[in-house]
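Student: I should like to learn how a ligand site and the empty spaces of a protein are read. May we work through an example together?

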Amino acid sequence: MTGGRRGTVLALSGGVGGAKLALGLVHALAAEGAPAADLLVLANTGDDFEHLGLHISPDIDTLLYALSGRDDAQRGWGRADETWHFMAALRELGGQDWFQLGDRDLALHVERTRRLRAGETLSEVTGAVSAKFGIDARVLAMTDDPVRTRVECAQGWMGFQEWFVGARCEPVVRSLDFAGAQAARPNPHAMEALADPGLRAVIICPSNPLLSIGPILAMPALREALAACRAPVVAVSPIIAGQAVRGPTVKLMGELGLPATAAGVAQGYAGLIGGYVLDEADAHAAAALPHLATVALPTLMTTLQDRIHVAGAALALADRMAVGRVEA
Ligand code: FO1
């Protein structure tokens with residue numbers, strides 16, 4: 001145990017960037033001697049869709065693969081040591097090949113779909129796969145109810161993956177919709193954590209604030225619980241010097257008329273966060289955020305050490321905020 005408060009840490013996460021920080025949190029907590037089960041990772045399911053008759057949950061799967069060391073770090077999604085015989089055979093048949101499903105990855109989609117059709121919930125399937133993969137942190141679907149992100153472009157409404165993968169994020173986006181979010185019941189374990197006086201921190205991962213964190217916050221009960229939560233809430237900026245590490249964050253924010261900067265992301269979380277971790281290249285932006293506790297450091301997470309460093313900084317900031325509250 002090397003310091004740090006004890007208690008549950010709830011991380012809100014999308015896919016690639018979120019999974020990197022989640023892995024850093026696992027290691028940072030382990031270095032403190034905290035049990036891995038202290039970490040709850042609430043995953044966006046707005047990217048989920050039905051494809052080839054299968055239920056695909058990209059962000060959950062990116063987390064499951066990353067936290068179990070099965071991920072393809074280069075590609076960012078899917079499994080390491082992947083083969084593509086299924087896709088090649090599908091292409092030969094003239095099937096739909098715009099969304100790549102690797103052979104090993106396919107097994108998870110087939111098994112998830114079978115279990116869902118047999119009556120299990122997405123949470124139950126996620127828990128079962130986590131256990132099979134030996135993951136001790138708790139990866140949670142944000143809801144078991146269907147929430148589907150849709151984007152409005154000049155040609156009309158498109159499903160998220162149709163836009164993101166099928167159209168390579170090229171169509172200009174006019175608005176976003178998280179169909180089903182209003183009525184969706186948030187994951188009860190996340191809600192319990194938010195109401196728990198023992199909650200140590202909420203960490204909003206450096207995921208796309210609109211596409212990945214947006215669907216989570218679009219569930220009214222979750223958003224209210226986060227706003228009312230007494231634990232420190234810290235976001236990690238997904239933007240470094242005006243650029244997203246990957247993905248369409250900057251393009252999308254610009255198209256929706258939002259300032260695509262580290263400060264702009266923090267302002268989008270107004271009323272929810274009290275702390276902000278931003279890149280040292282954006283340290284000057286802290287001046288525009290006087291109401292937030294901030295820390296600036298290198299946030300590009302290339303190596304495992306980088307991930308642990310950023311995760312440790314987010315936890316340390318949350319712990320300082322908690323101490324400040326007690327002293328105030
Ligand atoms: N992203 C792509 O850019 N192209 C793909 O063909 C693709 C396939 C895919 C299959 C399974 C999976 O879990 C994720 C996949 N992704 C693919 C990534 C995914 O669509 C996005 O990265 C996320 O939805 C955005 O967070």
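Tutor: The discussion below takes up the ligand, the pocket and the cavity of this predicted model.

Student: Let us begin with the ligand. Which residues surround the ligand?

Tutor: One lists the residues that have a heavy atom within 4 Å of the ligand. In this model the list runs Asp47, Pro58, Asp59, Trp77, Phe99, Gln100, Leu101, Asp105, Phe160, Gln161, Phe164 and Val165. By class, seven of these shell residues are nonpolar, two are polar and three are charged.

Student: Which helices supply at least two residues of that shell?

Tutor: They are α2, spanning 58-67, and α6, spanning 160-166. The largest share comes from α6, which contributes four residues.

Student: Which side chains have an N or O atom paired with an atom of the ligand?

Tutor: A polar contact is read from a pair of N or O atoms within 3.5 Å. The side chain of Gln161 has such an atom 2.8 Å from an oxygen atom of the ligand. For Asp59, an N or O atom of the side chain lies 3.0 Å from a ligand oxygen atom. In the case of Trp77, the partner is a nitrogen atom of the ligand, 3.3 Å from an N or O atom of the side chain.

Student: How much of the ligand does the protein bury?

Tutor: The ligand taken alone exposes 530 Å², and 87% of that is buried by the protein.

Student: How does one find empty space in a protein, and where does the ligand sit?

Tutor: Rolling a probe the size of a water molecule over the atoms shows where empty space is left. Here the ligand sits in the largest pocket, which holds about 830 Å³ of space. The pocket is lined by 42 residues, and those closest to its centre are Gly15, Val16, Asp59, Phe164 and Arg246.

Student: Which elements give two or more residues to the lining of the largest pocket?

Tutor: These are α1 (16-31), α2, α4 (103-117) and α6. The greatest contribution is that of α2, with five residues. Sorted by class, the lining comprises 20 nonpolar, 16 polar and six charged residues.

Student: How does a cavity differ from a pocket, and how many cavities of 30 Å³ or more are counted?

Tutor: A pocket is open, whereas a cavity is a space where the probe fits but cannot get out. In this model the count is one cavity of 30 Å³ or more. The largest cavity contains about 100 Å³ of space.

Student: Which residues line the largest cavity?

Tutor: Its lining consists of Val16, Ala19, Lys20, Thr62, Ala66, Asp71, Asp72, Ala73, Gly76 and Arg307. Two or more of the lining residues come from each of α1 and α2, and α1 gives the most, with three. By class, four are nonpolar, two polar and four charged.

How values were computed:
Residues are numbered from 1 along each chain as its sequence is written. This is a predicted model: local features need pLDDT of at least 70, side-chain atom pairs count only at pLDDT 80 or more; totals for chains, interfaces and linings use all residues. Side-chain values use heavy atoms; hydrogens and water are left out. A polar contact is a pair of N or O atoms within 3.5 Å; within protein, one must be able to donate a hydrogen and the other to accept it, and residues adjacent in sequence count only if both atoms are side-chain atoms. Accessible areas come from the Shrake-Rupley method with a 1.4 Å probe; for residues, only the protein chains shown count as cover. On a 1 Å grid over the protein atoms alone, a cavity is a set of points where a 1.4 Å probe fits but cannot get out, and a pocket is an open set with protein on both sides within 12 Å along at least five of seven lines; lining residues have an atom within 4 Å of a point. A molecule sits in a cavity or pocket if more than half of its atoms lie within 2 Å of its grid points. Ala, Val, Leu, Ile, Met, Phe, Trp, Tyr, Cys and Pro count as nonpolar, Asp, Glu, Lys and Arg as charged, and the others, Gly among them, as polar. Grid points are joined across faces, edges and corners, and a volume is the space filled by probe spheres set on the points.
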